[in-house]
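Grab a coffee and pull up the 3D view. Let's walk through two chains together, starting with some strands and ending with a pair of helices.

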Amino acid sequence: MAPLLEIKGLKTHFATDDGMLRAVDGIDITLNKGETLCVVGESGCGKTVTAMSILKLIAMPPGRIVQGQILFEGRDLVPLASRELDDIRAKDIGFIFQEPMTSLNPVLSVGEQVAESLRRHEGLSNKDALARTVEMFKLVQIPNAEARVHDYPHQFSGGMRQRVMIAMALACKPKLVIADEPTTALDVTIQAQILDLLQDMKERFGMAVMLITHAMGVVAETAQRVVVMYAGKVVEEADVDSLFESPRHPYTQGLIRSIPRIDLDSAHKTRLEAIGGSVPILIDPAPGCRFAPRCRYAFGLCAEKEPALREIAPGHRMACHLGEKQGVTP
Amino acid sequence: MRQYILRRLLIAVPSLLGISVVLYTVLALAPGDPFAELATNPNVPPEVALALRAKFGLDDPVYLRYFRWLAAMVQGDWGFSFVSRMNVDTLILQRLPTTLYVIGSAQLLALAIAIPVGVYAATRPYSIFDQIANTLAFIGFSLPTFFTGLLFILIFSVTLDWLPFVYSTDVKGTGIRWLFEQIRQAIMPVMVLGLFQAASMTRFVRSAMLDVIRLDYVTTARAKGIGQARVIVKHAMRNAMIPVVTLIALQMPAVFGGAIVTEQIFRIPGIGSLLISSILSNDTPVVMAVTFVFACLVVLFNLIADVLYGWLDPRISFR
């Protein structure tokens, strides 16, 4: 079966005063129909830029897709003009943004903000679009939907706004929904509700979900497959079980070890580990592995040669020199 | 909404009273009054002049004179112009339409230029269009209206002889011909005032748009595939217009001030040139009334701006 979305060698760079910032520097991501894929990594690793590149939502200039293909149902989106992409935006690929507080237009009613894409893509009349919007609001469990569609964003709480965003992203029943840290800005209790809702919607509509997050807990709960990104590169990719059971890349191991555990009794409690250092600045990066300066296993080769992504088990790929020659396994 | 406007109008009453006190006091402190000429006229015996002053109450204390003026004003008696030999209200009503016509058209012209140019420039920052618009705007608001006014007269009236440079009150002709002449003679003052306003407004619209265009909800709108034009007009522009409305409302006094100068240059028989001539001839009742009318207009435009806010921004409620 042909994958729904196939990102091949994508490079998205930003022109800055100090030089070219390689935010996304040659990544491959594949997403099948109906699959939930999580993209994880710390802030500044290029997760959001990757997602935004798919629909060309990055600011261009200064941003530019310098290389690569983004195949959606076999069609390359990179060479398309913004006007041609408009037929795919919201219709085939829905987008949920990180900040529900700022992602809705304050001067338009929430109903109108959902209805306008229905009118554009489904050719509905004002009345029908509004009716469908009310339906969507009920689906995402916004109470009193008939009245609420006429309200403005400032009359909603953060969680409710994110429900509006979900209704907006799902209104045209897209084949793929990209959710860019949909729960980061919300309270923990609301986070769980929103994730459940996303899961529900996914089951109901059978769409694929690309969930971008930095919370490993969210990954464990929702993902089928996981892509770990570091400094604009994919460092490891695996299905969720093998990633948590046998993480192979030192960065992934660090990420998993930095999850607070409440299931261990006090005798086994250890100090929570952190990955020392911070993400490198991606202007003229040094050759070699980008994680090497923070890696506890780093050795001579790491600073010289960039490790390629290689398959180490069926469906499990990672980019690290360890285990390649010396037989050292992390 | 209706209640809000009513309350705003009621709030305007004390501020207008305050303005009138200040205006009256300043005018009372200024040297000269309508009878100053009588005192220096050798044909009028001093005791007659004194009797006249006493009769009109000019030697009473300022506050008494103010209350007398206020009482008369409230009853619709705006006083009598000693220079024009007619009632002040008739005089103002004669002059006001011309001023409103010229200023109104100039503002409309300014908006018609500033909004599209500013918005387009903001969607393509640092493009050639943006650079040209910025340069022209910079030149536009660096040149004072009294200079551009004279320049326009020199080019379009003296050299090219396309447009009349003296505004006439009694335009000859009727019907279409009359209308045509009215428009023709207003072109230069409207252009001078309008372009000056448009220059600063364009820069403001551009920066307001630039602020809005990189906000998250504009990206959300773009992700909906509704097209660039709709994203700009429906999502970005409406938000960017909120600060622009403030600017236009705050600029209103400056617009009237600029109109005074422009009316002088083009000899427009408007309320501004009436103010200048009555100040020069010590026609205090007219000066008082005209400045008061300006104050009322400024208060009115601020009220309009506040109502517009509520319409543009649902977060502002009329309570």
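First, a bit of vocabulary: two strands are said to pair when DSSP finds at least two bridges between them. Keep in mind, too, that this is a predicted model.

**The sheet in chain A**

With that in hand, look at strand β1 (residues 5–16) of chain A and strand β4 (residues 63–72) of chain A, which pair in the antiparallel sense over eight bridges. Along this pairing, A:Ile7 stands opposite A:Ile70 in β4(A). Both strands belong to an open sheet of four strands in chain A, with the order β2-β1-β4-β5 and antiparallel pairing. Its edge strands are β2 (19–31) and β5 (75–76) of chain A, each of which pairs on one side only. Helix α1 (residues 47–54) of chain A packs on this sheet and touches β1, β2 and β4 of chain A. The direction of α1 makes about 70 degrees with that of β2(A).

**A hairpin further along**

Chain A has another antiparallel pair, with three bridges joining strand β11 (residues 310–313) to strand β12 (residues 316–318). Here A:Arg310 stands opposite A:Met318 in β12(A). How many residues sit between the strands of this hairpin? There are two, and A:Gly315 takes a positive phi near 75 degrees.

Here are the two pairings from chain A side by side:

| Strands | Bridges | Sense |
|---|---|---|
| β1(A) and β4(A) | eight bridges | antiparallel |
| β11(A) and β12(A) | three bridges | antiparallel |

**Over to chain B**

Chain B comes to 12 helices and two strands, and along the sequence the pattern reads α-α-α-α-β-β-α-α-α-α-α-α-α-α. Its C-alpha atoms fill a box of roughly 85 × 55 × 40 Å along the principal axes. Of the 319 residues in chain B, 31% are buried. Take the contacts in chain B between residues at least 6 apart in sequence: 73% of them join residues at least 24 apart.

Now zoom in on helix α8 (residues 175–213) and helix α10 (residues 228–266) of chain B, whose axes come within 9 Å and cross at roughly 160 degrees. Angles over 145 degrees count as roughly antiparallel, so that is how α8(B) and α10(B) run relative to each other. Their crossing is right-handed. Which kinds of residue make up the contact of α8(B) with α10(B): nonpolar, polar or charged? The split is 19 nonpolar, four polar and no charged. The α8(B) side includes B:Phe196 and B:Phe204, while the α10(B) side includes B:Leu247 and B:Gly258.

Definitions and conventions:
Residues are numbered from 1 along each chain as its sequence is written. Chains are lettered from A and ligands numbered from 1 in the order in which they are written. This is a predicted model: local features need pLDDT of at least 70, side-chain atom pairs count only at pLDDT 80 or more; totals for chains, interfaces and linings use all residues. Axes are lines fitted to C-alpha atoms, for helices over the stretch in contact, and angles run from 0 to 180 degrees between N-to-C directions. Angles under 35 degrees count as roughly parallel, over 145 as roughly antiparallel, 65 to 115 as roughly perpendicular and the rest as oblique. A crossing is left-handed if the near helix is turned anticlockwise from the far one by less than a right angle, and right-handed if clockwise. Two residues are in contact if their C-beta atoms, placed from the backbone, lie within 7 Å. Ala, Val, Leu, Ile, Met, Phe, Trp, Tyr, Cys and Pro count as nonpolar, Asp, Glu, Lys and Arg as charged, and the others, Gly among them, as polar. A residue is buried if 20 or more other C-beta atoms lie within 10 Å of its own, exposed if 12 or fewer, and partly exposed in between; C-beta atoms are placed from the backbone.
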